[in-house]
Amino acid sequence: MTTMTPQKRPPRPKMTFSLQNDQFKGLLWQILVVGIAVVVIGWLWSNAIHNLSVRRISTGFAFLGREAGMPITDTWIAYSPKDTYLRAFIVGIVNTLRVAVIGIVLATIVGTMIGIARLSANWLLSRLAAIYVETLRDIPLLLQLLFWYVLMQGLPPARGAWKPIEGFFLSNRGLVMPGIPLDSGHWGVIGVAALGCAAFYLLRRHLIARQMQDGRPRPNWPYGILLIIVLPALVSWLSDVPWTISMPELHGFNFAGGWTLAPEYFALLIAVVTYTSAFIAEIVRSGIQAVHKGQWDAALALGLKRSFVLQKIVLPQALRVIIPPLTSQYLNLTKNSSLAVAIGYQDIVSIANTTLNQTGQAIEAIALIMAVFLTISLSISLFMNWFNARIALTER
Amino acid sequence: MATLTDVPQAPRPAARHRTGWDAHPALRWMRANLFSSIGSTITTLILIALLAKALIGLVQWGLVNAVWTEPANDSAACRAARGIGACWAVIPEKYRFILFGTYPYDQQWRPAAAILVFIALFFVSSRRSFWRRELVLIWAGALSLIGLLMWGGIPGLPYVAQERWGGLPVTLILATFGLAFGFPIGILVALGRRSKLPAIRSLCVLYVELIRGVPLISLLFMASVMFPLFMPDGFNIDKLLRAQIAIIMFAGAYLAEVVRGGLQAVPRGQQEAADALGLTYWQKNRLIVLPQAIRHVIPPLVNTFIAFFKDTSLVLIIGIFDLLTAAKTAIIDPAWQAFSVEVYIFVAVIYFAFCYAMSRYSRSLEQAQTAK
């Protein structure tokens with residue numbers, strides 16, 4: 001009997017300096033391509049340095065500390081034209097995020113509803129959902145945005161505002177609605193509630209892990225009520241935070257009190273939400289259709305309730321198909337929010353553009369836009385990848 | 001002997017009660033698809049009520065109370081109908097400007113012919129029998145013909161400067177040239193991203209991720225304000241061409257990802273067989289891998305093209321005269337300022353017609369692929 005000799009791996013072929021050798025050829029190619037890239041970028045850079053010195057523009061981010069002198073009408077954080085460019089940029093970032101975050105939430109809700117409606121057994125409902133999707137997908141977003149903005153401007157003035165529901169006013173000043181004027185005390189209570197949510201999440205994970213060990217069910221909802229509702233309410237009561245709702249009222253030509261969504265913000269939000277929801281609807285529809293019908297049949301044959309089957313069997317499987325394309329829709333929505341510049345909503349792109357025109361710091365302004373969007377894109381990708389890994393199929 | 005007809009048969013259920021709902025196929029269809037349950041019936045009734053209300057409003061605004069014709073440069077009748085009826089009269093008044101921009105009026109048959117060449121080019125490219133190498137020559141020929149029609153400069157076709165171009169041809173040029181020049185870049189970058197050479201791979205990854213991570217607008221801003229900074233003194237190129245370069249770079253990054261998807265779908269055995277035959281890297285990709293990869297990705301390629309076609313409208317922000325900019329400029333005219341909704345609807349119909357045709361086509365291809 002022959003003994004098995006341990007198989008030796010073939011030695012790596014030595015690199016020889018001839019064009020017949022693959023490794024050497026690869027090295028040459030890399031040197032060539034990187035060399036061209038370095039030469040081109042270096043040439044562009046030296047041109048830029050020369051042009052900037054001719055125009056007497058100093059490079060660098062020192063201009064961020066100068067007074068901006070640019071008016072920004074719709075802000076969530078305090079800002080006046082006397083503030084610095086840095087603060088103007090922060091206002092712009094907040095304005096971008098406020099469209100992106102609220103837009104993502106609303107587009108997901110609307111898109112899921114339309115996607116499920118497209119699968120409805122009701123012919124009329126599914127046809128209407130299909131028309132919604134087809135129409136919105138095949139018209140450029142910028143055109144839709146201009147269209148919404150023109151409609152917004154064509155609304156009656158504040159005096160003749162539409163009142164769809166008591167307390168809500170729709171006019172060419174935007175949408176005004178009842179709201180609670182928030183100050184630091186309110187934010188403190190909201191912070192406590194957020195901490196309560198986090199604590200409840202950890203506690204629930206712990207309880208489920210215990211249940212997995214001994215099989216005894218442990219209800220977790222009382223802790224939820226305690227941590228998320230009772231605790232913040234107690235803090236609010238002890239520190240006397242007033243929760244009075246301010247109703248908007250017409251004073252002269254404008255409204256006072258309540259919360260106002262400026263027409264630019266409102267038009268932008270409607271445009272990105274309806275446009276993106278059409279794409280999300282298609283993703284949700286194909287995700288649900290991708291779950292095999294046998295999964296429904298098998299679960300129902302086990303005697304499970306329909307709602308339980310949807311929640312625990314169909315949806316988790318559909319989500320696996322839905323999440324990756326959904327992530328790229330979220331990224332698209334965030335990037336599309338930059339169309340704001342066309343209707344004068346001051347997001348980061350619009351503010352960087354104004355800065356560029358005022359100071360001539362083109363390279364820095366565009367670098368800042370890119371840095372902001374790359375950061376937001378990367379954060380969304382990381383979060384969605386984490387979520388995707390959590391729900392991914394774990395096979396033995 | 002009993003014949004088959006003697007066998008007693010259960011009465012057909014359909015024959016038993018052919019009354020009410022089952023009297024007519026249309027009624028049966030309605031019962032199954034509109035009134036199958038209480039919930040479905042309520043949904044149907046609510047939707048019919050909402051739909052009727054919306055349709056009556058739209059018909060009154062768009063047809064009954066609409067103004068269709070007006071004497072030239074006079075919008076009195078339209079202004080009288082404002083708020084209750086549409087002013088379609090703005091379209092015959094302005095359509096030449098919206099479609100062709102400021103192109104010399106008596107030469108506007110040339111952009112019109114260019115649009116027809118574009119449509120013919122799309123049609124030819126959609127036929128399966130033309131999916132051969134010769135298609136590249138057809139594209140080169142058609143694009144040169146379009147350039148000749150738009151620029152002119154030969155006897156019979158007077159020269160028209162690029163600043164005068166506008167409207168639909170510019171939209172089609174930006175999208176189609178973006179695809180035509182972005183595609184080779186996309187192929188090279190996709191191959192580079194799969195290459196074994198680390199320096200080339202990381203350069204390609206950097207290019208794709210940088211471009212895909214930022215909005216197209218920032219690239220267009222870059223093309224319009226930063227490009228002159230990066231060029232030597234006295235050297236400058238036309239604004240339209242700069243925007244076109246930005247769109248080509250943008251298209252290259254997105255097409256690279258589409259092509260990469262196709263490359264991943266080609267079985268490894270194909271590559272190994274090509275290696276075994278002793279083909280070089282370029283021969284292997286040109287003859288074996290790419291033809292298979294590209295056939296795989298034609299449906300997503302069409303979808304990407306639809307996205308570019310819509311995205312070219314962003315050049316409005318840097319002031320290039322495409323279809324949307326022409327429409328927006330047409331209604332600056334004080335007489336017609338109030339009727340932008342009608343003009344936007346007209347332009348939306350044009351965009352929709354192109355995009356819908358292409359998306360129907362890509363879906364039919366997908367269905368043919370899955371049926372195989």
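## Burial and the overall picture

A residue is called buried here if 20 or more other C-beta atoms lie within 10 Å of its own. By that yardstick, 32% of the 372 residues of chain B count as buried. For chain A the share is 30% of 396 residues. Keep in mind throughout that this is a predicted model.

## Chain A: overall layout

Chain A mixes its secondary structure, with 11 helices and five strands. Its radius of gyration is 28 Å, well over the 21 Å that the globule rule gives for 396 residues, so chain A is more spread out than a compact globule. If you want box dimensions, the C-alpha trace of chain A spans about 100 × 80 × 50 Å along its principal axes.

How do the contacts split by sequence separation? Take the contacts in chain A between residues at least 6 apart in sequence: 65% of them join residues at least 24 apart.

## Chain A: helices at the two ends of the numbering

Helix H1 of chain A covers residues 22-54, which makes 33 residues. From first C-alpha to last, H1(A) reaches 48 Å, close to the 48 Å expected at 1.5 Å a residue. After H1(A) comes Arg56(A), and its phi is positive, near 55°.

Over in helix H11 of chain A (residues 362-391) you'll find Leu382(A). Is Leu382(A) buried or exposed? With 10 other C-beta atoms within 10 Å, Leu382(A) is exposed, because the cut-off for that label is 12 or fewer. As for distances, the C-alpha atoms of Leu382(A) and Ser46(A) are separated by 36 Å, and the two residues sit 336 residues apart along the chain.

## Chain A: strand pairing

Now for the strands. E1(A), residues 169-171, and E2(A), residues 174-177, run antiparallel and are joined by three bridges. The two form a hairpin, with two residues between them. If you'd like a pair to look up, Ser171(A) stands opposite Gly174(A) in E2(A).

E2(A) has another partner to look at: strand E5 of chain A (residues 259-261), paired with E2(A) in the antiparallel sense, again over three bridges. Which residue of E5(A) is the bridge partner of Met177(A)? That's Trp259(A).

## Chain B: overall layout

Chain B has 16 helices and zero strands. Its radius of gyration is 28 Å, whereas a compact globule of 372 residues would have one near 21 Å. The C-alpha trace of chain B spans about 95 × 75 × 40 Å along its principal axes. On the contact side, 67% of the contacts in chain B between residues at least 6 apart in sequence join residues at least 24 apart.

Chain B is also divided into domains: domain 1 takes in 22-64 and domain 2 takes in 94-371. How far apart do the C-alpha centres of domain 1 and domain 2 of chain B lie? They lie 42 Å apart.

## Chain B: a loop residue

Gln107(B) sits in the loop between helix H5 (90-100) and helix H6 (109-126) of chain B. Gln107(B) has 17 C-beta neighbours inside 10 Å and so counts as partly exposed; the label fits because 17 falls between the exposed limit of 12 or fewer and the buried limit of 20 or more. Pro158(B) is 51 residues away from Gln107(B) along the chain, yet their C-alpha atoms are separated by 8.7 Å.

## Where the chains meet

How many residues of each chain are involved in the contact between chain A and chain B? On one side there are 41 residues of chain B, and these are in contact with 40 residues of chain A. Four helices of chain B each supply at least two residues of the side that touches chain A: H3 (38-64), H9 (198-213), H10 (216-230) and H16 (340-371). H16(B) gives the most, with 10 residues.

What's the chemical make-up of that side of chain B? The residues touching chain A divide into 29 nonpolar, 10 polar and two charged.

Notes. Residues numbered from 1 in each chain as written. Chains lettered and ligands numbered in written order. Predicted model: local features only at pLDDT ≥ 70, side-chain atom pairs only at ≥ 80, totals over all residues. Contact = placed C-beta atoms within 7 Å. Nonpolar A, V, L, I, M, F, W, Y, C, P; charged D, E, K, R; others polar. Rg over C-alpha atoms; globule rule 2.2 N^0.38 Å. Domains from an automatic or database assignment. Pairing = 2+ DSSP bridges. Expected span 1.5 Å × (residues − 1).
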